[in-house]
Amino acid sequence: MAVFLIILMIVLVGADQAVKYWAATELQPVGSIDFISVGGKKLVDLTYLENRGAIFGSMQGQRWFLIGFTSLVLIIGFVLLFKFMKRSKLLALAITLFIAGGIGNLIDRVRLSYVVDMFEFKFVDFAIFNVADICVTLAFVMLLIYAFFIDPKIEKAQQIQPDTSNKGGKK
């Protein structure tokens, strides 16, 4: 399982960086292009944006804080991944997605001092985002599902199991 998760992490970071490279070389000169339209109604555009802040553009100009904070969160993420990998495949996958997204945006912050974003929902007023942000958002949703629906069942099952620590011996 660990090998699969590491390979998945590498693939996701690679995909994030490839899309960001494409956005920087092909999309930046034109600014924005139609991506998904239905019946003449724009749903999603590809729009080049340099985000120098965090989520929804908050914390603008706090590059070093964001690099340090993200690095700390990634270290904690790796520790949690290896600690809880066997507890649940969903939990391990969620942590892997979270780490991959963090690494993807951290690479941009270190290398460029901003994060390249490109996906813009036109049907709602929402932040422009990237592949790494999608990974983090999916991870968050998966963690909520895990916390509310799966972990309670795991805890309950562990409480029901008989004590097998003293097999055949007297207490």
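**Helix packing and a three-stranded sheet**

In this predicted model, helix α3 (residues 89–112) sits against helix α4 (residues 131–160), with the two axes 8 Å apart and set at an angle of about 155°. Anything over 145 degrees counts as roughly antiparallel, so α3 and α4 fall into that class. As for handedness, the crossing of α3 past α4 is left-handed.

Which residues of α3 and α4 make the contact? On the α3 side they are Leu90, Leu91, Leu93, Ala94, Leu97, Phe98, Gly101, Gly102, Gly104 and Asn105. From α4 come Ala132, Asp133, Cys135, Val136, Leu138, Ala139, Met142, Leu143, Ile145, Tyr146 and Ile150. Sorted by character, the residues of this contact split into 16 nonpolar, four polar and one charged.

Then there is the sheet. Its three strands run in the order β1-β2-β3, the pairing is antiparallel, and the sheet is open. That leaves β1 (32–38) and β3 (115–121) at the edges; each has a single partner strand, so one side of each goes without a neighbour in the sheet. On average, and ignoring direction, neighbouring strands are turned by 20° against each other.

Strand β2 (residues 41–51) is joined to β3 by six bridges, again in the antiparallel sense. For Asp45, the bridge partner in β3 is Glu120. Helix α1 (residues 2–27) packs on this sheet and touches β1, β2 and β3. The direction of α1 makes about 85° with that of β3.

Notes
Residues are numbered from 1 along each chain as its sequence is written. This is a predicted model: local features need pLDDT of at least 70, side-chain atom pairs count only at pLDDT 80 or more; totals for chains, interfaces and linings use all residues. Side-chain values use heavy atoms; hydrogens and water are left out. Two strands pair if DSSP finds at least two bridges between them. Helices (H or I, at least four residues) and strands (E, at least two) are DSSP runs, numbered from the N terminus. Axes are lines fitted to C-alpha atoms, for helices over the stretch in contact, and angles run from 0 to 180 degrees between N-to-C directions. Contact means heavy atoms within 4.5 Å. Angles under 35 degrees count as roughly parallel, over 145 as roughly antiparallel, 65 to 115 as roughly perpendicular and the rest as oblique. A crossing is left-handed if the near helix is turned anticlockwise from the far one by less than a right angle, and right-handed if clockwise. Ala, Val, Leu, Ile, Met, Phe, Trp, Tyr, Cys and Pro count as nonpolar, Asp, Glu, Lys and Arg as charged, and the others, Gly among them, as polar.
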